[in-house]
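Welcome, and please open the model in your viewer with the cartoon and side chains ready. We will go from selection to selection.

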Amino acid sequence: MPDIKTEIPFGRPFIVGKELYYIAKAVENGSLAGDHRFTKQCHAELERRFGSAKALLTHSCTAALEMAAILSGVGPGDEVIMPSFTFVSTANAFVLRGATPVFVDIRRDTLNLDEKLVASAITDRTRAIVPVHYAGVPCEMDELATIAEDNKLWLIEDAAQALQSTWKGRMLGSIGHLGCISFHETKNVISGEGGALLINDERLIERAEIIREKGTNRSQFFRGMVDKYTWVDIGSSYLPSELIAAFLAAQLEHVETITEQRRAAVDFYQTSLTPLAQTGKIGLPAVRLSEAGNGHMFYLFARDLDERMRLLEHLASLEVHAVFHYVPLHSSPAGRRFARTGSPMLVTDEIADCLVRLPLYHGITLEEQQRVVDAVLDFFGG
Ligand SMILES: *Cc1c(COP(=O)(O)O)cnc(C)c1O
């Protein structure tokens, strides 16, 4: 049994390089509102990495999803297909437009939207498909893109967790018409709160810039394309301050190292827990998370809800802070009110009760990870 030591948190925000220096620079530059030097630097960097026609920083992935919902033009009566096993914002962004999320079950191996169930959930009111790349592991993007194209639907990637993950060599977030990224402090690359909208269909750029700037053509005005700026469409204030962009710019300089370290940490968990999984006491992801994705998350499965609760309590008693994940949106109060299911929810309901996420953050040490593993083994009497 491991010694009781300081708490191993579930996650921890971090600094890797010039974050504070760049923030000081931003102050020195004399402009703290959005779209100045550091914001432009982040845009250029994201466009280079993703190959997107345009990248726009937002306050959050939630804001990027809300912009995507406006850009897709959905309204009351329209339907949007998505998983139920996701964060609230995936659905809420479309509900704000008056549209109805239609939840489809997930695959057991990746916990991603089951593409085989998507076609039968399509009705004549369906306007978009929103795949979520859970744990940074890609959805089956070829089949989803084909379904979207055949049915003239928007394909909007919720790539909040998927920075640096790829599907057949293409960056996740760069495949759909639009991609939404998060830089929340729980994600791989962080700016506290933060996000980006990736615009992969250039016809959407002009309107995206207007929506992000309170419905005005301010961006065009600054580029000298119009001689005064005015209210031209609906929108909101979706652009972050230069302070956020400065922090993010410094993090993006180290995205490869951050990703490699997270992949290594996830790999350690998966290797270390394989013997326990072979006894049948826990379930492990069916895919190698470190290879399939960006090392965003490590999860395992307890046998049922009760065992999961006891496991989490046991880990907490050893100062190891592990957590469960989403309450499936179809069983949430707002989900029942604003959305419907488009398939049975067998896998979603089952895994949501059993899933446990282990501590993972930039800079987690092997010693800390070993303590986590030992605490899990201890619970199962290994
Ligand atoms: C984190 C997350 C979001 C929301 O990101 P914010 O930047 O916190 O708004 C949306 N969708 C998924 C799948 C997420 O993991």
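A pocket here is an open set of grid points where a 1.4 Å probe fits, with protein on both sides within 12 Å along at least five of seven lines. Keep in mind that this is a predicted model.

With that in hand, begin at the largest pocket, which holds about 640 Å³ of space. Select His184, Thr186, Lys187, His296 and His325: of the 35 lining residues, these lie nearest the pocket's centre. Colour the lining by class and you should find 14 nonpolar, 14 polar and seven charged residues. Which helix gives the most to this lining? That is α3, with three residues, while α3 and α4 each supply at least two.

Next, select α3 (residues 61–72) together with α4 (residues 88–95); they pack at an angle of about 35°, their axes 8 Å apart. The crossing is right-handed. Show side chains for Thr62, Leu65, Glu66, Ala69 and Ser72 on α3, which meet Ser89, Thr90, Ala93 and Phe94 on α4. Sorted by class, this contact comprises four nonpolar, four polar and one charged residues.

Now move to the open sheet, where eight strands run in the order β1-β9-β8-β5-β4-β2-β3-β11 with mixed pairing. At its edges sit β1 (54–58) and β11 (340–341), each paired on one side only. Zoom in on β11 and its partner β3 (residues 100–104), which are parallel over two bridges; there Phe103 stands opposite Thr341.

Finish with helix α7 (residues 205–212), packed on the sheet and touching β1 and β9 (195–199). The direction of α7 makes about 15° with that of β1.

Methods. Residues numbered from 1 in each chain as written. Predicted model: local features only at pLDDT ≥ 70, side-chain atom pairs only at ≥ 80, totals over all residues. Heavy atoms only, no water. Pairing = 2+ DSSP bridges. Helix = DSSP H or I, 4+ residues; strand = E, 2+ residues; numbered from the N terminus. Contact = heavy atoms within 4.5 Å. Axes fitted to C-alpha atoms, helices over the stretch in contact; angles between N-to-C directions. Left-handed = near helix turned anticlockwise from the far one by under 90°. Nonpolar A, V, L, I, M, F, W, Y, C, P; charged D, E, K, R; others polar. 1 Å grid on protein atoms, 1.4 Å probe; cavity = no way out; pocket = protein on both sides within 12 Å on 5 of 7 lines; lining within 4 Å. Points joined across faces, edges and corners; volume = space filled by probe spheres on them.
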